[in-house]
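Reader: Hi! Could you walk me through a protein model? I'm in my first year, so plain words please.
Author: Happy to, let's put it on the screen.

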Amino acid sequence: MGTCCSKDESDKLEAIETKDSVPTAPETVVVEDSGPQPREGEFVIVLDKTKGERLGMDVDHEDGRTLAVDAITGGLIQKWNEEHPDKALRPKDRIVEVNGLRGDVLQLVDECKKPKVLTMYVKKQSR
């Protein structure tokens with residue numbers, strides 16, 4: 001059996017398709033993204049564990065959802081507190097999120113053990 005189009009017809013179709021499909025630059029939309037924001041009553045601390053330093057805190061995780069700070073024992077937390085007294089982590093504060101993980105205390109603990117930059121959302125507790 002033969003083909004449906006002659007060579008000349010297919011060349012014309014190809015030429016039309018090529019001519020009509022002129023590449024255009026995609027539309028660029030500029031959106032200012034400051035990342036996730038802390039919820040009411042929360043603040044953010046950022047700690048760099050990439051050099052293997054310890055965090056320097058004792059926590060309680062009995063509620064299964066957050067890490068309650070029992071004590072500051074030195075390390076990166078103490079350094080953070082000295083450099084950021086307005087956002088100091090104190091006993092009774094609750095770490096509610098670490099690197100986007102929230103609501104599962106085992107995930108929070110696992111993330112805190114990793115040698116990486118930790119972004120923690122902390123809920124201040126009444127003193």
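**Strands, helices and a core**

Author: In E6, Met 120 is the bridge partner of Val 98. Keep in mind that this is a predicted model.

Reader: Okay! Which strand does Val 98 belong to, and how many bridges join that strand to E6?
Author: Val 98 sits in strand E4, residues 94-98, and four bridges join E4 to E6. The two strands run antiparallel.

Reader: And what about E1, how many bridges join it to E6?
Author: Seven bridges join E1, residues 42-48, to E6, residues 117-123. That pair is antiparallel as well.

Reader: Who stands opposite Val 46 there?
Author: Thr 119 in E6 stands opposite Val 46. A handy thing to remember is that side chains in a regular strand alternate between the two faces of the sheet.

Reader: Cool. Changing topic: how many salt bridges does the structure hold?
Author: Six. The general idea is that side chains of opposite charge can pair when their charged atoms come close.

Reader: Can you show me one?
Author: Sure: Asp 63 and Arg 94 meet through their side chains, with 3.4 Å from N to O. The pair links distant parts of the chain, 31 residues apart: Asp 63 is in the loop between strand E2 (57-60) and strand E3 (67-72), while Arg 94 is in strand E4.

Reader: Are those two buried or exposed?
Author: In between. Asp 63 is partly exposed at 37% relative accessible area, and Arg 94 is partly exposed too, at 26%.

Reader: Which residues are linked in a network of salt bridges?
Author: Glu 42, Glu 97 and Arg 102. Within that network, the side chains of Arg 102 and Glu 97 come to 2.8 Å, N to O.

Reader: Why does Glu 97 count as buried but Arg 102 as partly exposed?
Author: Glu 97 counts as buried because its relative accessible area is 10%, and buried means under 20%. Arg 102 has 27%, which falls in the partly exposed range between 20% and 50%.

Reader: Got it! Now helices. Which residues of H3 are buried?
Author: H3 covers residues 105-113, and its buried residues are Val 105, Leu 108, Glu 111 and Cys 112. Viewed down the axis of H3, they fall within an arc of 125°, so they line one face of the helix.

Reader: Why would residues spaced out along a helix point the same way?
Author: An α-helix has 3.6 residues a turn, so residues three or four places apart point the same way.

Reader: What does that buried side pack against?
Author: The buried residues of H3 pack against E3, E4, E5 and E6. On the face turned away from them you'll find the exposed residues Leu 106 and Lys 113.

Reader: Wait, a Glu is on the buried list. What does Glu 111 form a salt bridge with?
Author: With Lys 114, where the closest N and O atoms are 3.1 Å apart. Glu 111 has a relative accessible area of 5%, whereas Lys 114 is partly exposed at 36%.

Reader: And what caps the N-terminal end of H3?
Author: Asp 104 does. One of its side-chain oxygens lies 3.0 Å from the backbone nitrogen of Leu 106.

Reader: How about H2, which residues are buried there?
Author: In H2, residues 75-83, they are Leu 76, Ile 77, Trp 80 and Asn 81. They cover an arc of only 135° around the axis, which puts them on the same side of H2. Glu 82 and Glu 83 are exposed on the other side. The elements covering the buried residues of H2 include E1, E2 and E3.

Reader: Last topic! How many residues are in the largest nonpolar core?
Author: It has 19 residues, and among those with the most contacts inside it are Ile 45, Leu 47, Met 57, Ile 95 and Met 120. At least two core residues come from each of E1, E3, H2, E4, H3 and E6.

Reader: Let's zoom in on Ile 95. What does Ile 95 touch?
Author: Leaving out residues up to four places away in sequence, its contacts include Met 57, Leu 89, Leu 108 and Met 120. You've already met Leu 108 as a buried residue of H3, and Met 120 as the partner of Val 98.

Reader: Nice, that ties it together. Thanks!

How values were computed
Residues numbered from 1 in each chain as written. Predicted model: local features only at pLDDT ≥ 70, side-chain atom pairs only at ≥ 80, totals over all residues. Heavy atoms only, no water. Pairing = 2+ DSSP bridges. Salt bridge = Lys/Arg side-chain N within 4 Å of Asp/Glu carboxyl O. Buried < 20%, exposed > 50% of the residue type's maximum accessible area, 1.4 Å probe, protein only. Arc of directions from axis to C-beta. Contact = heavy atoms within 4.5 Å. Polar contact = N/O pair within 3.5 Å; in protein donor to acceptor, adjacent residues only side chain to side chain. Core = buried A, V, L, I, M, F, W, Y, C linked by side-chain atoms within 4.5 Å.
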